[in-house]
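Hi everyone, thanks for making time for this today. I'd like to walk you through one protein, slowly, and please keep the picture in view while I talk.

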Amino acid sequence: MALKYHLVRRLDMRKDAVEGSTLLYGQVRANERVKLRSLCELLSGYTSATAGDVLCVIKGLIFHMKQHLANGNTIHLGEFGSFRVSVGSSGVEDPKDFHPSMFRKPRIIFTPGTMLQDTPEQLSFKKIEVKKCLKIVTGRIRFKD
């Protein structure tokens, strides 16, 4: 299956760009959202575990991952990949001037393992047309054709 995309006009941020000029960029759209319960049911079809068992294991994994990540640990899940916390901060000249409040919001970084690394190479793209919303009238949205 192909990733669906549409074109979006944005400001041209190149150094030599004329002020106010724009370029078209491809923006990928999600096909659908796969919910946890649905994923658990799919996984239970490949094992002797029930969907409830799979959900219980996933919730337990998330609980322990949160604890380990909060302690600064990296979590390696074999061929699936690894998770780690990344955080940056503002800089100072003198160490006495640094305060923990200077850290930015931490992010969780996922690095795919061998099981998922070939996925980007298998992707293809399909252009879709996005209808433009003209206006909302009494709770109804009218689209431009």
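Let me start with a small puzzle: in β5, which residue is the bridge partner of Gly81? It is Pro112. Before we go on, please keep in mind that this is a predicted model.

Now let's step back to the overall plan. The protein has 2 helices and 8 strands. If you read along the sequence, you meet them in the pattern β-β-α-α-β-β-β-β-β-β. There are 145 residues in the protein, and 13% of them are buried. The exposed surface comes to about 12700 Å², with carbon and sulfur atoms supplying 56% of it. One more overall number concerns contacts between residues at least 6 apart in sequence: 33% of these join residues at least 24 apart.

Let's return to the sheet that our puzzle came from. This is an open sheet of 3 strands, in the order β3-β4-β5, and the pairing is antiparallel. Its edge strands are β3 and β5, each pairing on one side only. Strand β3 covers residues 75-76 and strand β4 covers residues 81-86, and 2 bridges join them. Those two strands also form a hairpin, with 4 residues between them. If you look into the turn, you will find Gly78, which has a positive phi of about 55°. On to the other pairing: β4 is joined to strand β5, residues 107-112, by 6 bridges. And what lies across this sheet? Helix α2, residues 51-70, lies across β3, β4 and β5, and runs at about 45° to β4.

A good residue to find here is Ile75, which sits in strand β3. Its bridge partner in β4 is Phe83. Is Ile75 buried or exposed? Its relative accessibility is 11%, so Ile75 counts as buried. Not counting residues up to four places away in sequence, Ile75 touches Met65, His68, Leu69, Gly81, Ser82 and Phe83. Take Met65 from that group: Ile75 and Met65 are 10 residues apart along the chain, and their C-alpha atoms are separated by 7.2 Å.

Let's move to the other sheet I want to show you. It is an open sheet of 3 strands with the order β2-β1-β6, and here the pairing is mixed. β2 and β6, residues 125-127, stand at the edges with a single partner strand each, so one side of each has no neighbour in the sheet. From one strand to the next, the twist averages 45°. Where β1 meets β6, the strands run parallel, and 3 bridges join them. For example, Lys4 has Lys126 as its bridge partner in β6.

Next, please look at the loop between β1, residues 3-11, and β2, residues 22-29, where you will find Asp12. Why does Asp12 count as buried? The cut-off for buried is under 20% relative accessible area, and Asp12 counts as buried because its relative accessibility is 10%. Leaving aside neighbours within four places in sequence, Asp12 is in contact with Ala17, Ser21, Thr22 and Leu23. There is a charge story here too. Side chains of opposite charge can pair when their charged atoms come close. The structure holds 1 salt bridge. Asp12 forms a salt bridge with Arg14, and the closest N and O atoms are 2.8 Å apart.

Our last stop is helix α1, residues 36-44, where Leu39 lies. Ser44 lies in helix α1 as well. How do these two compare for exposure? Leu39 has a relative accessible area of 38%, so it is partly exposed. Ser44, at 18% relative accessibility, counts as buried. Apart from neighbours within four places in sequence, Ser44 is in contact with Ala49, Thr50, Ala51 and Val54. As for Leu39, it belongs to a nonpolar surface patch: Val34, Leu39, Leu42 and Leu43 make up about 340 Å² of it.

To close, here are two places to find again on your own screen. One is Ile75 in strand β3, and the other is Asp12 in the loop between β1 and β2. Thanks for listening, everyone!

How values were computed: Residues numbered from 1 in each chain as written. Predicted model: local features only at pLDDT ≥ 70, side-chain atom pairs only at ≥ 80, totals over all residues. Heavy atoms only, no water. Patch = residues over 30% accessible without salt bridge, like charges linked within 9 Å, V, L, I, M, F, W, Y side chains within 5 Å. Areas by Shrake-Rupley, 256 points an atom, 1.4 Å probe, with all protein chains shown as cover. Salt bridge = Lys/Arg side-chain N within 4 Å of Asp/Glu carboxyl O. Buried < 20%, exposed > 50% of the residue type's maximum accessible area, 1.4 Å probe, protein only. Contact = heavy atoms within 4.5 Å. Pairing = 2+ DSSP bridges. Axes fitted to C-alpha atoms, helices over the stretch in contact; angles between N-to-C directions.
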